[in-house]
Amino acid sequence: MITVEQTAARAAMAVPGVQELQPSLRHSLADAATHIRRTFGSRAPSPEAGIHAGHTPETDTWHLEVRCAVNDHRRALDIARAVREGVQAAVSSHLSDCGWAARVTVIVTVTRICGDQAPLHMNADLKNEDRSPG
């Protein structure tokens, strides 16, 4: 089953200019704590680590925060707006497909503006995920 976070991550990464999604401090600390146990060649953090999603039942609203690094080929503001619109549309559609008519709010935080260098974390391969509806 595809989650709200996976849907949001795919939509954000599809926006031209998004270099990578950045894990929150919570995810970064968890990765640091488990670093000793990881072996060389372990997979990079998933793009969903750059998404924080929460649902407020009283208002039936999903609140998403997307943390992303962008490249310097376009204005960061334009990229952030496109990410917000793309994530909001994708998550709203996903929830609708699941029979849920919840509102969706999205906040985009640009954590870094990159030149032409490769991202710090290679994004996880999304090709092998379960793509069943729901």
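In the predicted model, Val106 is a residue of strand E4. Val106 has a relative accessible area of 11% and is therefore buried, the limit for this class being under 20%. Leaving aside residues up to four places away in sequence, Val106 is in contact with Leu64, Val66, Arg84, Val87 and Gln88. A further residue, Val91, is separated from Val106 by 15 residues in sequence, and the C-alpha atoms of the two are 9.8 Å apart in space.

The protein chain as a whole contains three helices and four strands. Their order along the sequence is α-β-α-β-β-α-β. Of its 134 residues, 34% are buried. The exposed surface of the protein chain amounts to about 7,900 Å², and 57% of this area comes from carbon and sulfur atoms. Among contacts with a separation of 6 or more, 78% are between residues 24 or more positions apart.

Helix H1 covers residues 4-13, and seven of its ten residues are buried, so the helix is largely enclosed by the rest of the structure. The buried residues of H1 are Val4, Gln6, Thr7, Ala8, Ala9, Ala11 and Ala12. Their cover includes strands E1, E2 and E3 as well as helix H3.

Strands E2 (residues 51-56) and E3 (residues 61-71) run antiparallel and are joined by six bridges. Within this pair, His55 lies opposite Trp62 of E3. In a regular strand, side chains alternate between the two faces of the sheet. The two strands form a hairpin, with four residues between them. Asp60 is located in the loop that separates E2 from E3. Most residues other than glycine have a negative phi. Asp60 is not a glycine, yet its phi is positive, at about 50°. The relative accessible area of Asp60 is 27%, which means that this residue is partly exposed.

Trp62 also takes part in the one aromatic pair found in a search of the whole structure. Its partner is Trp100; the ring centres are 5.6 Å apart and the planes stand at 75°, so the arrangement is edge-to-face, a class that requires an angle over 60 degrees. The pair connects distant parts of the chain, since Trp62 is in strand E3 and Trp100 is in the loop between H3 and E4, 38 residues apart. Trp62 is buried, at 12% relative accessibility, whereas Trp100 is partly exposed, at 33%.

Two salt bridges are present in the structure. In general, side chains of opposite charge can pair when their charged atoms come close. One salt bridge is formed by the side chains of Glu20 and Arg112, with an N to O distance of 2.7 Å. This pair too links distant parts of the chain: Glu20 belongs to strand E1 (residues 18-21) and Arg112 to strand E4 (residues 103-114), and 92 residues separate them. Glu20 is buried, with a relative accessible area of 0%. Arg112, by contrast, is partly exposed, at 23% relative accessibility. The other salt bridge is between Asp78 and Arg75, whose closest N and O atoms are 3.0 Å apart. Asp78 has a relative accessible area of 29% and is therefore partly exposed.

Confidence varies along the model. The mean pLDDT of the protein chain is 78, and 68% of the residues score at least 70. Confidence is highest in helix H3 (residues 76-97), with a mean of 96, and lowest in helix H2 (residues 25-34), with a mean of 47. Residues 25-30 have a pLDDT below 50, and this stretch has three contacts in the model beyond near neighbours in sequence. The pLDDT is also under 50 over residues 120-134. For these residues the model has 33 contacts beyond four places in sequence. Where pLDDT is low, the predicted coordinates should not be read in detail.

Notes: Residues numbered from 1 in each chain as written. Predicted model: local features only at pLDDT ≥ 70, side-chain atom pairs only at ≥ 80, totals over all residues. Heavy atoms only, no water. Pairing = 2+ DSSP bridges. Buried < 20%, exposed > 50% of the residue type's maximum accessible area, 1.4 Å probe, protein only. Salt bridge = Lys/Arg side-chain N within 4 Å of Asp/Glu carboxyl O. Contact = heavy atoms within 4.5 Å. Areas by Shrake-Rupley, 256 points an atom, 1.4 Å probe, with all protein chains shown as cover. pLDDT = per-residue confidence, 0-100. Phe/Tyr/Trp six-rings, centres within 6.5 Å; stacked < 30°, edge-to-face > 60°.
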